[in-house]
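User: I am new to this structure. Please take me through how its labels are decided.

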Amino acid sequence: MPTTLTTLITNIASLVTNDPSQGDGSPLGLVENAAVVIDDDRIAWVGPAAKAPAADETYDAKGRAAIPGFVDSHSHLVFAGDRTQEFNARMSGRAYSAGGIRTTVAATRAASDATLEANLTHYLREALRQGTTTFETKSGYGLNTEDEARALRIASRHTDEVTYLGAHIVSPDYADDPAAYVDLVTGEMLEACAPHARWIDVFCEKGAFDGDQARAILTAGKAKGLHPRIHANQLSYGPGVQLAVELDAASADHCTHLTDADVDALANSNTVATLLPGAEFSTRAQWPDARRILDAGATVALSTDCNPGSSFTSSVPFCIALAVRDMGMTPDEAIWSATAGGAAALRRTDIGHIRKGAQADLALLDAPSHVHLAYRPGVPLVSEVWRRGARVA
């Protein structure tokens with residue numbers, strides 16, 4: 001039988017485990033002067049370095065902090081072109097609306113498979129260098145059966161967390177007949193896309209899909225074995241959050257404009273509130289009130305929403321700094337939400353934490369503590385990344 005080498009990573013100044021049974025007993029399960037043993041692609045042991053067992057190989061973390069790899073549970077990475085002109089105009093005073101998606105749709109339809117995949121892998125490498133070891137990504141820039149299906153085929157070669165978002169906006173081809181487009185999204189397009197996806201999503205917003213349309217789309221997806229997630233309450237108050245809870249969606253994403261009833265619904269459900277501060281930063285929009293959502297007892301994830309229109313960042317550390325500075329989160333809450341929270345938004349129990357049996361995904365920081373991610377915004381603190389037990393960046 002083949003055997004695998006074990007690796008001891010030791011001399012870790014401060015280790016975030018997200019396991020309250022470890023270390024200081026906090027939600028982060030902080031272990032000072034820590035070590036981790038990796039066996040193949042899994043965590044085999046976690047604890048104080050002084051008690052670490054022997055391993056085949058030893059790696060010196062040199063007094064750096066270690067955290068679980070980031071789990072980016074919301075991105076839009078299968079696209080072509082960019083929207084520099086739109087961003088420049090918006091920063092000069094034009095209000096943001098969902099219509100700009102059409103520009104990316106045209107560029108994506110015109111691009112070859114090779115171009116789309118090269119673009120995707122470029123941004124995945126960029127994210128990996130910044131500590132992201134798991135990511136979700138969506139279609140949504142094809143808006144016809146052929147281009148939605150090929151986007152999902154391309155994405156599925158790089159992640160298991162693939163989301164069918166044919167309902168991003170009403171396709172320009174159906175501008176005069178939105179009902180017919182909903183029929184397409186729930187019929188022929190769904191049939192072609194479901195084999196390549198795990199999730200189904202819809203942009204429930206003025207200018208995109210209303211509550212009844214969103215319910216029909218997500219319900220059709222569930223019937224095909226896709227689990228729902230939803231773009232909810234980003235630009236205005238609306239039915240998105242309530243619909244997410246009703247359908248047991250894994251996450252309601254954005255959650256910027258919430259009523260007390262919305263917050264209560266999230267707090268009393270299994271639906272994660274995924275906050276995407278890059279979008280508010282890039283559109284000069286109102287920040288989500290993370291403090292309100294957390295204090296109600298809801299689970300919060302923090303992700304990039306990386307897309308060419310409203311949040312063109314792949315940096316989870318940047319989003320952590322924004323969440324702490326402008327959304328009322330503590331540094332501890334932000335790091336938990338960007339790791340364990342993202343895992344919850346994907347309904348995964350094998351990632352987002354560092355404990356025995358978990359996937360061996362972690363990042364070493366050029367800093368003694370995870371707090372520096374918010375304390376030193378814009379500084380490239382992620383110095384090494386391990387994914388599935390291998391050092392990859």
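User: Why is Cys-306 too far from the closest cysteine sulfur for a bond?

Analyst: This is a predicted model, and its sulfur positions give the answer. The closest cysteine sulfur belongs to Cys-319, 9.1 Å from the sulfur of Cys-306. A disulfide needs the two sulfur atoms within 2.5 Å. The 9.1 Å gap is therefore too far for a bond.

User: How many disulfides does the rule give?

Analyst: Zero.

User: What makes Cys-306 and Cys-193 count as buried?

Analyst: Buried means under 20% relative accessible area. Cys-306 has 2%, so Cys-306 is buried. Cys-193 has 0%, so Cys-193 is buried too.

User: Asp-19 is buried yet has no salt bridge; how do you know that Arg-355 does not form one?

Analyst: A salt bridge needs the charged side-chain atoms within 4 Å. Arg-355 is the nearest side chain of opposite charge to Asp-19, and it is 4.7 Å away. The distance is over the cut-off, so no salt bridge is counted.

User: Which residues does Asp-19 touch, and where is it found?

Analyst: Asp-19 sits in the loop between β1 (6–15) and β2 (31–39). Beyond its neighbours within four places in sequence, Asp-19 is in contact with Pro-27, Leu-28, Gly-29 and Arg-355.

User: What makes the link between Asp-19 and Ser-21 a polar contact?

Analyst: Their side chains are joined at 2.7 Å. The cut-off is 3.5 Å.

User: Which residues touch the most other members of the largest nonpolar core?

Analyst: That core has 88 residues, and Phe-70, Phe-209 and Leu-302 are among those touching the most other members. Another core, of 18 residues, lies apart from it and includes Val-36 and Leu-364.

Notes:
Residues numbered from 1 in each chain as written. Predicted model: local features only at pLDDT ≥ 70, side-chain atom pairs only at ≥ 80, totals over all residues. Heavy atoms only, no water. Buried < 20%, exposed > 50% of the residue type's maximum accessible area, 1.4 Å probe, protein only. Core = buried A, V, L, I, M, F, W, Y, C linked by side-chain atoms within 4.5 Å. Helix = DSSP H or I, 4+ residues; strand = E, 2+ residues; numbered from the N terminus. Lys, Arg positive; Asp, Glu negative; His and termini not counted. Polar contact = N/O pair within 3.5 Å; in protein donor to acceptor, adjacent residues only side chain to side chain. Contact = heavy atoms within 4.5 Å.
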